[in-house]
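Colleague: Please take me closely through one part of this model, the empty space and the residues around it. I would like the cut-offs as you go.

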Amino acid sequence: MSGIQITGLKKNFGQFEAIAEMNLVIPDGSFCVFLGPSGCGKSTTLNCVAGLEDVSAGTIRIGDRDVTSLPPHERDIAMVFQSSLLYPHLTALQNIKMSLKNTQTTAAEADRRIKHAVDILEIESELSKKPGSMSGGQRQRVAMAKAIVRNPSAFLMDEPLAALDAALRQSLRTELVALQKSLGTTTIFVTHDQVEAMTMGDMIVVMNDGRVEQVGSPDEIYNEPATRFVAGFIGSPPMNFFDGEIGSENGAPVLTTSVGTFQIPEHLRGGIDMCNGSGTLGVRPQNLKIMTDPASNGIETVIFAIENLGKETIIVLHDDEEKSYRSIVEAAHGYTIGDHVFMLPDFERAHLFAT
């Protein structure tokens, strides 16, 4: 087992900067998730760690070895991709054995590793089958077995669950986390799915436009987002934003927006200087109340959509400029589309960002 250290990593494709300078330490045995939208550089970073892409600058260390210039097969890593990449003419067992071909592993040790992988992934009944006769989930389990038998220093996984249906994804992500914890192998897992990131990772690296926006635990990323991008990307439904200019009213700092002027809570005032005169207050949907009484001093809005989720309901609101806001209410809410209501953001639970 080994940690991974990325220092000063840059990757350019011609004039295009795919990865700006990245510095990251992934502790030994941790489950690290690279999270971000398509094109943010997460898979490119993974490919640089794997040796599938040459770096433009910087170094990559796995354990105590500098692997920056080593080919993939010398880096002691194992990869799992979105596609299971199994040989269609071979059985599951034969596919797994292919991972140990041209290695120094003895026959007895190979048998031990294969049995171990087969047992923990519960795929003994699939060993005689060829990929074409297996389900998508079973093919991915075989692909994971191929990775496990290599006994690598690190697992690198590029959206391995993305091609599966929702129920199977949920089941496999639970199994995958349990598997990683039992093996204790350092893992990098790439995804654009925030639910996967929040439920699977020990640490999350949020990326955007080739840059790292924030690194932290799931709790830190959700409760203490460092940037507006992180705040909007993490959380479902996403955070509501109130953009405006920062000024002063009766000696207190305020944010003047298109829907009103709001006093900036005391616990956020330390971040005013970084805003350079304009800022954004962010409020999670669960902290945005809906009132029907005009005397509530709320912001007048119209209910644009209602999304019933069973245990709760998401109400989509539009202000007079048709900007959208979202509120989470109880399942038995009594609202209908087109209702005029008043929203009350709880700014005591808000976040302040530079615009």
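Modeller: E159 counts as buried, because its relative accessibility is 14% (buried is under 20% relative accessible area, exposed over 50%, partly exposed in between, with a 1.4 Å probe and protein chains only). Do keep in mind that this is a predicted model: local features need pLDDT of at least 70 and side-chain atom pairs count only at pLDDT 80 or more, while totals for chains, interfaces and linings use all residues. Residues are numbered from 1 along each chain as its sequence is written, and side-chain values use heavy atoms, without hydrogens or water.

E159 sits in the loop between strand 7 and helix 5 (helices, H or I with at least four residues, and strands, E with at least two, are DSSP runs numbered from the N terminus). Its C-alpha lies 8.9 Å from that of S43, although 116 residues separate E159 and S43 in sequence.

The elements on either side of that loop bring us to the empty space. Over the whole structure, the search turns up one cavity of 30 Å³ or more. On a 1 Å grid over the protein atoms alone, a cavity is a set of points where a 1.4 Å probe fits but cannot get out; a pocket is an open set with protein on both sides within 12 Å along at least five of seven lines; lining residues have an atom within 4 Å of a point. Points are joined across faces, edges and corners, and a volume is the space filled by probe spheres set on them.

The largest cavity has a volume of about 50 Å³. Around the largest cavity you will find V80, M144, A147, I148, F155, M157, L176, L179, Q180 and L183. At least two lining residues apiece come from helix 4 (136–148), strand 7 (154–158) and helix 5 (166–183). Helix 5 contributes the most to this cavity, with four residues. Sorted by class, the cavity lining has nine nonpolar residues, one polar and no charged ones (Ala, Val, Leu, Ile, Met, Phe, Trp, Tyr, Cys and Pro are nonpolar, Asp, Glu, Lys and Arg charged, and the others, Gly among them, polar).

Now for the open spaces. The largest pocket comes to about 760 Å³. It is lined by 27 residues, and those closest to its centre are I77, A78, M79, S99 and R150. Two or more lining residues each are supplied to the largest pocket by strand 6 (77–80) and helix 4. Helix 4 is also among the elements that supply at least two residues to the lining of the largest cavity. As for chemistry, 13 nonpolar, nine polar and five charged residues make up the lining of the largest pocket.

The second largest pocket holds about 210 Å³ of space. Eleven residues line it, with R112, H116, I148, N151 and L183 closest to its centre. Two of these names should look familiar, since I148 and L183 also belong to the lining of the largest cavity. The largest share of the second pocket's lining, three residues, is provided by helix 3 (residues 107–121). By class, the lining of the second largest pocket has six nonpolar, three polar and two charged residues.

To tie this back to the start: E159 belongs to the loop between strand 7 and helix 5, and strand 7 and helix 5 each give at least two residues to the lining of the largest cavity.
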